[in-house]
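Here is a short briefing to read alongside the structure. It starts with the sheet and its helices, then turns to one residue worth a look.

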Amino acid sequence: MTVVDGVIRVLMLGSPPGIHTEEVIEAILKTPGVEGIHHLHLWQMEESETALQAHVLIAESDLIKQTRIKQDIKQLLLDTFSISHTTLEFEYGDLICENPKLIGH
């Protein structure tokens, strides 16, 4: 990849090279307490920083459990995929998006 390719990828909010979205989804779904995921966005923020945003479905609204799940997912993404900027929105029960897409809007 040339320097120009990297700059274009960042400017266009393109997917980071070498990270397969399907593998990221599978890893998150294996996290204890996670029941589903949708509205996932994965992009290159800077030349060396990858970002992820997603809605995560959980069974309970317990704040302590939710915080642990969030920490587990963030650590998993950092350790496994070097994703250092993560924004997660939690949903549970009947408070979930209607007809959500797995990736994107």
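Helices and strands here are DSSP runs, numbered from the N terminus, with at least four residues for a helix and at least two for a strand. Please keep in mind that this is a predicted model. Its 3 strands form an open sheet with mixed pairing, in the order 1-2-3.

**The sheet**
- Strand 1 (34–46) and strand 3 (83–92) are the edge strands; each has a single partner strand, so one side of each is left without a neighbour in the sheet.
- On average, neighbouring strands of this sheet are turned by 15° against each other, direction ignored.
- Strand 2 (residues 49–58) and strand 3 run parallel and are joined by 9 bridges.
- His55 has Glu89, in strand 3, as its bridge partner.

**The helices on the sheet**
- Helix 2 (residues 21–29) packs on the sheet and touches strand 1, strand 2 and strand 3. The direction of helix 2 makes about 135° with that of strand 1.
- Helix 3 (residues 63–81) lies across strand 1, strand 2 and strand 3, and runs at about 150° to strand 3.

**A closer look at Glu49**
- You will find Glu49 in strand 2.
- Is Glu49 buried or exposed? Glu49 is buried, yet has no salt bridge.
- The nearest side chain of opposite charge to Glu49 is Lys74, which is 10 Å away; a salt bridge would need the charged atoms within 4 Å.
- The side chains of Glu49 and Ser84 make a polar contact (3.5 Å).
- Neighbours within four places in sequence aside, Glu49 is in contact with Trp43, Gln44, Ser84 and His85.

Definitions and conventions: Residues numbered from 1 in each chain as written. Predicted model: local features only at pLDDT ≥ 70, side-chain atom pairs only at ≥ 80, totals over all residues. Heavy atoms only, no water. Pairing = 2+ DSSP bridges. Axes fitted to C-alpha atoms, helices over the stretch in contact; angles between N-to-C directions. Contact = heavy atoms within 4.5 Å. Buried < 20%, exposed > 50% of the residue type's maximum accessible area, 1.4 Å probe, protein only. Lys, Arg positive; Asp, Glu negative; His and termini not counted. Polar contact = N/O pair within 3.5 Å; in protein donor to acceptor, adjacent residues only side chain to side chain.
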